[in-house]
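Me: Please take me through the chain contacts and strand pairing of this assembly by question and answer.

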There are 4 protein chains.
Amino acid sequence: MRALVYHGPRKVSVDEVPDAKIEKPTDALVRITATNICGSDLHMYEGRTDVEQGKVLGHENMGEVIEVGSGVDRVKVGDMVCLPFNIGCGFCKNCEAGLTGFCLTTNPPNAGAAYGYASMGPYNGGQAELLRVPYADWNALVLPEDAREKQNDYVMLSDILPTGYHGTELAQVGFGESVVIWGAGPVGLMAALSADLRGADQIFVVDRQPDRLRLVSKLGATPIDDSAGDAVQQVLDATRGEGADKGVEAVGYQAHDTRGEEAPGVTINNLIAAVRPTGRIGVVGVFVPQDPQAPDDAAKEGQFGIDFGTFFFKGQAMGTGQANVKQYNRQLRNLIHRDRLHPGQIVSHELNLDQAAEGYEHFDDREDGWTKVVLHP
Amino acid sequence: MRALVYHGPRKVSVDEVPDAKIEKPTDALVRITATNICGSDLHMYEGRTDVEQGKVLGHENMGEVIEVGSGVDRVKVGDMVCLPFNIGCGFCKNCEAGLTGFCLTTNPPNAGAAYGYASMGPYNGGQAELLRVPYADWNALVLPEDAREKQNDYVMLSDILPTGYHGTELAQVGFGESVVIWGAGPVGLMAALSADLRGADQIFVVDRQPDRLRLVSKLGATPIDDSAGDAVQQVLDATRGEGADKGVEAVGYQAHDTRGEEAPGVTINNLIAAVRPTGRIGVVGVFVPQDPQAPDDAAKEGQFGIDFGTFFFKGQAMGTGQANVKQYNRQLRNLIHRDRLHPGQIVSHELNLDQAAEGYEHFDDREDGWTKVVLHP
Amino acid sequence: MRALVYHGPRKVSVDEVPDAKIEKPTDALVRITATNICGSDLHMYEGRTDVEQGKVLGHENMGEVIEVGSGVDRVKVGDMVCLPFNIGCGFCKNCEAGLTGFCLTTNPPNAGAAYGYASMGPYNGGQAELLRVPYADWNALVLPEDAREKQNDYVMLSDILPTGYHGTELAQVGFGESVVIWGAGPVGLMAALSADLRGADQIFVVDRQPDRLRLVSKLGATPIDDSAGDAVQQVLDATRGEGADKGVEAVGYQAHDTRGEEAPGVTINNLIAAVRPTGRIGVVGVFVPQDPQAPDDAAKEGQFGIDFGTFFFKGQAMGTGQANVKQYNRQLRNLIHRDRLHPGQIVSHELNLDQAAEGYEHFDDREDGWTKVVLHP
Amino acid sequence: MRALVYHGPRKVSVDEVPDAKIEKPTDALVRITATNICGSDLHMYEGRTDVEQGKVLGHENMGEVIEVGSGVDRVKVGDMVCLPFNIGCGFCKNCEAGLTGFCLTTNPPNAGAAYGYASMGPYNGGQAELLRVPYADWNALVLPEDAREKQNDYVMLSDILPTGYHGTELAQVGFGESVVIWGAGPVGLMAALSADLRGADQIFVVDRQPDRLRLVSKLGATPIDDSAGDAVQQVLDATRGEGADKGVEAVGYQAHDTRGEEAPGVTINNLIAAVRPTGRIGVVGVFVPQDPQAPDDAAKEGQFGIDFGTFFFKGQAMGTGQANVKQYNRQLRNLIHRDRLHPGQIVSHELNLDQAAEGYEHFDDREDGWTKVVLHP
């Protein structure tokens with residue numbers, strides 16, 4: 001089969017590789033129809049991770065089931081399915097508690113596995129013609145009859161829509177509340193959609209890229225341009241000096257300060273300042289325990305300075321971590337099916353699988369208008 | 001009346017001061033019968049805060065109501081009451097939500113007021129013969145008929161018992177779960193009692209002072225002596241390498257590392273390491289936004305290095321802040337009344353008010369056996 | 001002052017009565033600018049309660065503060081305020097827990113007080129020029145600067161909007177879920193708005209009155225006409241035979257079966273049948289412990305047959321009771337202020353206070369198009 | 001193999017039947033070491049259900065895994081396991097949400113399957129030498145190394161301990177709260193243990209059988225003998241007239257009134273009367289939709305009169321249904337392992353499998369002292 005393979009920093013290509021296949025009775029095999037390039041793929045692309053060469057990338061996948069193992073009861077050949085980027089077993093302590101992003105058996109001794117991802121187990125990704133799906137009855141979300149026509153919406157159920165929602169859940173965004181989201185990339189935009197779904201009354205999204213700020217407005221949220229003035233102050237001004245009720249971090253460890261320097265703590269500390277006392281902050285931008293190319297020694301170990309005194313004095317709380325996609329994807333699927341949600345509206349480019357390397361390049365350059373890329377193998 | 005007055009670093013004395021009195025229709029006046037010295041009083045005593053000279057200290061208070069304002073309906077003259085250290089109004093957005101530690105009207109523009117405390121408003125403390133209690137119907141907890149005989153238990157409802165409980169609530173300690181508590185001072189010990197009340201199955205408490213470690217054992221929890229080996233490793237070893245399900249920080253910004261150096265981030269980073277993926281950490285040890293005598297410039301602004309990459313990778317959450325005492329004190333009062341809880345068992349010394357200065361000195365020296373001091377004016 | 005007074009079954013008139021006035025330091029006095037006739041007023045109007053003759057009715061009130069007692073700190077003369085129909089003290093066990101509909105001190109020995117309402121304490125209502133508001137700092141919601149121009153929206157914060165929301169809260173309506181609401185009166189319609197606010201994906205509302213079913217469609221929900229076929233079956237058919245995820249009862253004890261007979265259990269049993277296993281049902285239609293004019297002896301004592309075997313077998317849960325308005329009114333106020341919610345769109349008639357008796361008559365006759373009446377004194 | 005087989009009302013015998021065996025790749029085969037007779041087995045034994053003749057009974061099972069299917073990854077041959085009485089698939093909407101008692105795929109079109117139980121699917125029970133366990137990785141709880149020595153404790157994890165806990169969870173029993181439990185059978189006693197684990201301060205258990213009331217005292221709870229006076233009044237008297245904060249129903253549809261007449265609604269209505277306004281009631285006693293031998297026509301359809309007016313007026317809530325055992329059994333297992341819980345203390349008789357019929361007879365006669373029977377095949 002053909003698949004997008006990682007060969008080193010900024011070197012990816014679509015190669016012929018051995019077909020994915022059923023390996024265990026609980027597996028399913030899926031022919032991919034849509035697979036996205038994710039912002040977190042760029043961490044690997046840029047060589048900021050230890051992902052091994054030869055790995056097939058791609059963790060935002062949907063497609064058609066073409067074969068199932070003998071222990072698979074629910075998922076049927078012919079089903080259109082969307083796959084959470086997390087690979088869970090379904091029966092460990094964490095999976096049972098719904099914490100499928102931290103499965104204890106699919107990538108030991110770490111908690112959490114994913115398709116085509118650094119440090120997340122031996123699983124190949126779905127930027128390919130075929131994908132092996134472990135524990136298919138647990139992991140595959142079956143889509144309704146409009147699966148193909150709303151492909152750009154449903155494929156977002158694999159990661160960014162649940163991840164954006166997770167940010168608002170970690171922050172416990174409530175109805176009638178205000179929320180500030182740092183970062184207007186795909187996850188930040190999905191967090192804005194999610195905050196609206198939860199009945200927030202004011203939704204601020206901070207960024208500095210004009211195309212992204214335009215999308216914020218298009219989604220009905222309030223863009224805050226931090227190149228035009230201190231973003232924290234803008235949020236305080238819009239909330240009678242009090243701060244937003246809740247906050248979401250959707251940038252991650254490659255955050256940059258307003259001078260353009262990489263500064264991993266800047267978004268977290270801005271959120272502590274911009275969120276009101278007793279507020280909660282949900283962190284879904286990716287932070288990593290080891291980052292050998294980080295700007296300083298502490299950051300290489302994933303450590304940076306937090307305004308902890310202020311955090312405590314304000315009595316804030318913070319939840320973090322990758323989304324447990326399965327906690328949200330059924331419900332979000334229903335809302336897409338009923339035309340209540342249209343996450344696919346942020347897709348800027350649809351490419352053939354063979355154009356994948358080109359897609360990585362443009363997306364990594366953050367070229368104007370390259371918001372979200374969907375590949376169709 | 002006589003009262004313990006702050007006159008500068010390590011200078012306190014019991015002086016004659018003007019009587020506390022009713023100032024508003026919603027006030028009550030309480031004759032203090034028991035008032036504790038708190039570990040956080042020592043921050044002020046040592047000159048680590050900006051508390052003003054002349055302030056009467058004391059925020060852990062109980063006593064008898066001797067007068068009420070014309071707008072007080074519930075609390076009656078003659079009632080024995082315990083006062084939460086927080087002073088709330090009862091009607092702001094935070095008080096209504098139960099977040100009485102972050103009242104928006106009693107100490108504007110800050111969120112949160114307290115008796116006799118730095119940065120917590122103009123209110124005098126209760127290490128005195130009399131105490132003015134604002135919004136008495138909201139703030140005073142009326143005690144049952146055994147109030148005087150169980151004085152050492154009930155007085156703990158003012159702060160340390162609810163604060164310890166708050167740590168376990170922020171951490172969401174559940175039944176059948178393990179928890180590690182950093183710090184075996186009064187708050188850490190109350191957190192251990194609280195974790196037991198919530199049905200935890202393993203309760204580890206980390207400290208290095210022998211008298212405190214003995215109290216941990218006495219309460220039925222498992223002491224971990226971090227002078228005898230890496231505490232994080234000890235917790236991992238006791239939990240099959242996985243880490244405790246939940247963690248509580250009960251030390252605060254004056255934490256010291258194992259070499260005896262002040263190191264404000266050490267307990268937080270140890271907790272991140274010792275708590276399992278997806279675990280929660282409740283922080284009730286006090287951290288401050290400004291600490292002019294801190295060991296380095298960042299710490300002077302309440303900032304220090306956090307292992308944020310690990311925190312995120314493990315998908316942990318953290319809740320912080322002073323306890324909203326009113327959320328817990330009714331229920332804990334009931335349990336004391338039914339002899340289910342005996343928080344007073346940690347009291348080591350009962351002194352007259354006139355011995356207060358001496359009490360501060362011994363307690364601040366952390367002399368062996370000076371665990372908790374109650375003053376009886 | 002002039003006020004709508006109850007003189008016996010179907011006898012109400014606007015009379016001259018003594019002015020409402022400040023009676024305690026914690027009171028405020030409000031000049032009413034808008035006050036609704038509620039469906040539950042009709043229970044009293046029809047003589048189905050033991051409300052005393054001479055009582056001023058009206059529990060859905062808003063207006064301008066014209067005087068405050070000496071113990072009132074937050075509410076100021078000149079503030080536009082909306083009053084929850086519940087009267088709470090703010091300091092009893094229930095009020096502290098947010099259960100302000102069940103205050104233990106304002107109507108002892110019962111739990112819960114209200115303005116101008118049978119069995120709810122000695123308080124006069126607000127279908128009058130002036131209203132005394134007890135515990136004003138606790139009970140009065142201060143409105144923003146657009147209070148007068150959006151009067152028809154904000155006045156709904158006194159009862160029906162929070163009550164509708166409470167139905168969805170008791171039922172724990174979640175995002176991406178389906179919900180069936182029994183009754184398309186004002187409360188049922190507000191429940192539909194609330195379910196949408198919570199992100200429900202299918203919202204069914206059952207009724208048989210054409211004007212109400214049209215309003216259901218106007219609000220974007222799905223009307224189910226139970227005069228056109230079994231409503232339970234219609235819900236099952238629309239949910240692949242499974243039943244709605246959640247249900248809300250918005251009719252109450254004067255429910256009628258499809259033959260037009262009064263049948264107090266019919267809506268509850270229909271909900272048990274129409275909601276899926278493990279679903280929750282929120283009951284905000286009013287049921288009463290004594291109903292001397294009920295169709296049978298059991299119903300006179302508020303008892304009727306429930307399909308409890310099915311309820312248990314399906315593992316359903318049910319929450320009941322009048323709304324604790326204060327738990328929701330701040331947040332809903334914010335959403336009205338931001339133009340996110342328009343509850344006033346269901347108002348069909350605005351009358352002068354002097355037309356109140358006429359309003360009662362038309363509304364009680366359930367004349368076509370008399371959906372919601374607002375009086376302006 | 002030998003197994004206890006149902007042959008009609010009050011006719012059970014231990015017969016030779018075909019061996020249970022692996023039927024699907026996700027099955028495990030367990031050699032039973034302990035299996036209880038449950039109060040709900042008596043419903044079948046007495047002919048009050050439609051259970052088919054020839055069925056092997058027994059849903060409270062533990063034992064040793066002797067074989068696993070090719071799709072089983074977690075459970076290993078040699079593991080000692082306890083099986084929840086519920087059989088879930090692990091991947092339906094309900095199982096995913098933790099509602100494993102209402103699995104949508106193991107007993108369609110009903111929600112919920114169980115071993116050896118009327119209306120709960122084609123699965124044989126475990127009062128036998130061998131048991132087939134479907135979806136073993138999902139359903140089997142692996143026990144620690146003390147499994148055999150604490151067999152009487154661990155076997156209670158199959159049903160009555162989680163069921164008792166579920167009652168307190170449905171009722172949301174909180175720390176410092178009072179709770180009244182109706183019924184001091186095994187489930188009621190486990191509810192009392194669970195309420196204590198949750199930090200309740202007063203735990204009342206109502207019954208009239210002296211042996212059961214003695215056990216209540218032994219567990220540290222307060223027995224209420226309803227043959228010695230109105231139980232509701234006794235609860236009110238013990239709670240200053242207010243009622244218990246929470247209630248649990250642990251009797252079910254074969255409840256009897258104080259005159260000894262079967263009266264299915266009596267416990268529910270007593271609970272509504274004995275629980276305070278805003279209280280919650282958890283119903284874990286079994287109620288059934290069809291009961292052909294019930295005392296009246298309504299009850300034959302599972303319907304009976306509920307004091308719904310009072311229920312609503314008091315703003316109470318009620319949760320029902322069989323326990324989702326998997327939500328609690330891990331945590332409770334940990335507590336047994338740590339010697340914090342000893343549910344096995346209520347075992348009155350341990351019999352060989354061959355004595356099973358005799359055990360049914362004595363237990364069904366409710367002979368004094370026959371509290372709980374464990375069979376050891």
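The exchange below treats the interfaces and then the strands.

Reply: This is a predicted model, in which local features need pLDDT of at least 70, side-chain atom pairs count only at pLDDT 80 or more, and totals for chains, interfaces and linings use all residues. Residues are numbered from 1 along each chain as its sequence is written, chains are lettered from A and ligands numbered from 1 in the order in which they are written, and side-chain values use heavy atoms, with hydrogens and water left out.

Me: By what turn can chain D be laid on chain B?

Reply: Copies are superposed by least squares on the C-alpha atoms of residues with pLDDT of at least 70 in both. Chain D then fits chain B with an RMSD of 0.0 Å and a shift of 0.0 Å along the axis, by a turn of 180 degrees. That is the relation of a two-fold axis.

Me: Which residue of chain D comes closest to the rotation axis?

Reply: The distance is taken at the C-alpha atom and comes to 2.9 Å. The residue of chain D concerned is Arg198(D).

Me: How much area do chain D and chain B bury between them?

Reply: Contact means heavy atoms within 4.5 Å, and 17 residues from chain D and 17 residues from chain B take part. Because 100% of the interface residues of chain D are also interface residues in chain B, the copies meet through the same surface. Buried area is the accessible area (1.4 Å probe) that two parts lose on being put together, summed over both. With 53% of it on carbon and sulfur atoms, the area buried by chain D and chain B is about 1500 Å².

Me: Which residue forms a salt bridge with Asp196(D)?

Reply: A salt bridge is a side-chain nitrogen of Lys or Arg within 4 Å of a carboxyl oxygen of Asp or Glu. By this rule, four are found across the interface of chain D and chain B. In the salt bridge of Asp196(D), the closest N and O atoms are 3.3 Å apart, and the partner is Arg340(B).

Me: Which three residues supply 23% of the area that chain A buries against chain B?

Reply: Here 43 residues of chain A are in contact with 43 residues of chain B. The two chains bury about 3400 Å² between them, 64% of it on carbon and sulfur atoms. More than any other three residues, the suppliers of that 23% on chain A are Phe308(A), Phe312(A) and Phe313(A).

Me: How far apart are the closest N and O atoms of Asp245(A) and Lys93(B)?

Reply: Three salt bridges are found across the interface of chain A and chain B. One of them joins Asp245(A) to Lys93(B), with the closest N and O atoms at a separation of 2.7 Å.

Me: What is the bridge partner of Met318(A) in S14(B)?

Reply: Strands (E, at least two residues) are DSSP runs, numbered from the N terminus, and two of them pair if DSSP finds at least two bridges between them. S14(A) and strand S14 (residues 317-320) of chain B pair in the antiparallel sense over three bridges. There, Met318(A) has as its partner Met318(B).

Me: Which residue in S5(A) stands opposite Gly63(A)?

Reply: Within chain A, seven bridges join strand S3 (residues 28-37) to strand S4 (residues 61-68), and these run antiparallel. Val30(A) has Val65(A) as its bridge partner in S4(A). S4(A) is also joined, by four bridges and antiparallel, to strand S5 (residues 80-83) of chain A. Opposite Gly63(A) in S5(A) stands Val81(A).
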